[in-house]
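Okay, thanks for coming, everyone. Let me put the sequence and the structure up, and then we'll go through the inside before the outside.

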Amino acid sequence: MTGKINRVKSTNDIELKDRLVAINRVTKVTKGGRTFSFSAIVVVGNEAGIVGWGLGKASEVTTAIAKGVEAAKKNLVKVPVLKGTIPHDQLAKFGGALVYIKPASPGTGVKAGGAMRAVLESVGITDVLAKSKGSSNPHNLVKATIAALCELRDAATVAQNRGVSVEKVFKG
């Protein structure tokens, strides 16, 4: 997976904003009654090309969210964002979730639903068209969206990998 290349070390100088994607209440039935716990999936990003996700589980909602934020900060990746959109179309799959993201012209906005919207806005993308097929499970949608973003490459990276100039990449 190309996500290993894009890894970012979590430092205190990066200003990260967190977004709550989903909270799930889990009930464990024991001899003494029902025990409730919560799991929260959280996305953090600096809205300038860095994004990460985390899952927190605890007996209280606020603690679960805090744990999710801490896990997300350990899980950051760098994404190429060009003029508020992505460099090219990308398709990715995780579990039962299939995600397709496509660049859009300025002024389009983020045309994406739920979990995908949280990830795309956290990374700083302002214009994109997105479609999710298959599972609508927020956990798998977040992971598939981040997998798609990790596979994106800008023209400078492609030129460097091929050992040619940026102009030659566009010519063919």
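So, which residues in the largest nonpolar core touch the most other members? Keep in mind that this is a predicted model. The core has 30 residues, and the ones to look for are I101, V142 and L149. Several elements feed into it: β2 (33–45), β3 (50–58), β6 (97–103), α2 (114–123) and α3 (138–150) each put in at least two residues. The largest share is from α3, with eight residues.

There's also another core, lying apart from that one. That one has eight residues, including I14, V42, A72 and L76.

Back to I101 for a second. If you skip residues up to four places away in sequence, I101 touches I86, H88, D89, Q90, M116, V128, L129, A130, A148 and L149.

M116 takes us to α2, where it is one of the buried residues. How many of the 10 residues in α2 are buried? Seven, so to speak the bulk of them, as the helix is mostly covered. Along with M116, the buried ones are A115, A118, V119, L120, S122 and V123. Right after α2 you get G124, and its phi is positive, near 100°.

Now the outside. L20, I23 and V61 make a nonpolar surface patch of about 210 Å². V61 belongs to helix α1, which covers residues 61–73. Is V61 buried or exposed? Somewhere in between: V61 counts as partly exposed because its relative accessibility is 30%.

Okay, that's my tour.

How values were computed:
Residues numbered from 1 in each chain as written. Predicted model: local features only at pLDDT ≥ 70, side-chain atom pairs only at ≥ 80, totals over all residues. Heavy atoms only, no water. Patch = residues over 30% accessible without salt bridge, like charges linked within 9 Å, V, L, I, M, F, W, Y side chains within 5 Å. Areas by Shrake-Rupley, 256 points an atom, 1.4 Å probe, with all protein chains shown as cover. Salt bridge = Lys/Arg side-chain N within 4 Å of Asp/Glu carboxyl O. Helix = DSSP H or I, 4+ residues; strand = E, 2+ residues; numbered from the N terminus. Buried < 20%, exposed > 50% of the residue type's maximum accessible area, 1.4 Å probe, protein only. Core = buried A, V, L, I, M, F, W, Y, C linked by side-chain atoms within 4.5 Å. Contact = heavy atoms within 4.5 Å.
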